[in-house]
Amino acid sequence: MQSPEHHDHLPAKLWWVLAGLTLVWGFNWTAMKVAISEVAPFTFRTLCLGIGSGLLFAFLRSGRESLSIPRDQWKRLVLIAFFTITCWNILVVFGLAHIPSGRAAILAYTMPAWAIPLSVLILGERITARKLFGLALGMAGMGLLLWDEFARLQSAPLGALLVLGASVTWAIGTVLQKKYPVRAPLPAYTAWIMLIGGVPIYLGALAFEDFSRLGEVGLWPALAVAYNVLFSFAWGHWAWIKLATTVSVSVFSLSMLAIPVVGVFSGMLFLGERPGWPEYTALAFVLGSLLTVVIPRGKK
C-alpha cells in the first residue's frame, strides 16, 4: 500500500483527489450537523462505517479484487483503525452536538499543529522553512475563523475539547500509518480499516441506542446520512488514505487545511449567512499554505 516514493510535495496527479476530498469532507460538516439532529450519534456512525465499508467490499468483490490482509499486518491495521476511525468518529460526532459545524471543522483541522511535530520526533521528517511558513499561514487562517467564536467555545468547552481530542487522535493515526505501513492493496485496506475501526461504535449503538427510531427520521437528515455513507465514507476514506500514504505527514497535514474553510462556507450557505472579512482573509491564508505543499521546490 505504501508508495515507494516519499513525496515532499503533492504530485499533480493527486490534485483531483485533494480537490474532491476537500469539497466532499468540507460540505460533510454541515451534513453531519443535519444528520445528528435526528439520528443518535452511535447509530449515525454505525450506518456510515457499516454501510460505507459494505459498499466498498461489494465493489471490490464485483471487480474480483483481493480482499485479503496478510496475517502479520492485522495488528498494525487494528492500531491505526483505533486512532483514525474509532477515536476520531466518536469524539467528532459527540463534540459536534455541542458546537456549530463550521467551528467544529476548524478545531478538527488543527491536526497539522500536532501531526507535524510528531512526524519530526517519530519519523525523522525534515521540517523546512517552507513547511513552517505553510503551517504558520494555515494556523493563522484557523485562528481568524475561531476568533469571533472564542467566547461561544468557552461556553461549550466539552464540545471544543472533544473535537480537539479528535484532531490529536487523527494526527497520531496519520503518523502511525507512515511508521507502520500496512502491506495490502489500498482499496482492501480502506474497507477493512473502516469495518474494524467501527466495531466499538457498533457495540455502543447496540448497547445504548434504539435502531427502531430510524423510522422517525425526516427527509433531510436521511439524505445527510446517505451523503455520509456514499461520499464521505465510501469514497472519502479511500481518497484520504491515498493521500496520506503517498506524501509526507507534513505535506498531507497542510493539504487538509482547505477542508474546514469549505466547512465554514457551507454552513453559511445553508444557514443563509454571508461571509465577512475574517472568512475571506482566512481563505487567502489557507490557499497560501496549500501552495507551499502543492508547488515543488525550485518552481515558481
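Val199, Leu203, Leu206, Phe211 and Leu214 together make a nonpolar surface patch of about 440 Å². The model described here is predicted. Within this patch, Val199 belongs to helix α10, which covers residues 199-208. Val199 has a relative accessibility of 37% and therefore counts as partly exposed, given that this class lies between the buried limit of under 20% and the exposed limit of over 50%.

Ile90 is located in helix α3, spanning residues 74-96. Its relative accessible area is 23%, so Ile90 is likewise classed as partly exposed. When residues up to four places away in sequence are set aside, Ile90 touches Phe42 and Ile201. The C-alpha atoms of Ile90 and Ile201 lie 7.4 Å apart in space, although 111 residues separate the pair in sequence.

The two partly exposed residues are set out below.

| Residue | Helix | Relative accessibility |
|---|---|---|
| Val199 | α10 (residues 199-208) | 37% |
| Ile90 | α3 (residues 74-96) | 23% |

Turning to the interior, the largest nonpolar core comprises 75 residues. Trp29, Phe44, Trp170, Trp240, Leu243, Phe252 and Met256 are the residues with the most contacts inside this core. For Met256, once neighbours within four places in sequence are left aside, the contacts are Leu18, Leu21, Tyr109, Met111, Trp170 and Leu243. Trp170 and Leu243 thus appear among the contacts of Met256 and also among the residues with the most contacts inside the largest core. A second core, separate from the largest, has eleven residues, including Leu254, Leu257, Val261 and Val264.

Key:
Residues are numbered from 1 along each chain as its sequence is written. This is a predicted model: local features need pLDDT of at least 70, side-chain atom pairs count only at pLDDT 80 or more; totals for chains, interfaces and linings use all residues. Side-chain values use heavy atoms; hydrogens and water are left out. A nonpolar core is a set of buried Ala, Val, Leu, Ile, Met, Phe, Trp, Tyr and Cys residues joined through side-chain atoms within 4.5 Å. Buried means under 20% relative accessible area, exposed over 50%, partly exposed in between (1.4 Å probe, protein chains only). Contact means heavy atoms within 4.5 Å. Patches are made of residues with over 30% relative accessible area and no salt bridge: like charges are joined within 9 Å, nonpolar side chains (Val, Leu, Ile, Met, Phe, Trp, Tyr) within 5 Å. Accessible areas come from the Shrake-Rupley method with a 1.4 Å probe; for residues, only the protein chains shown count as cover. A salt bridge is a side-chain nitrogen of Lys or Arg within 4 Å of a carboxyl oxygen of Asp or Glu. Helices (H or I, at least four residues) and strands (E, at least two) are DSSP runs, numbered from the N terminus.
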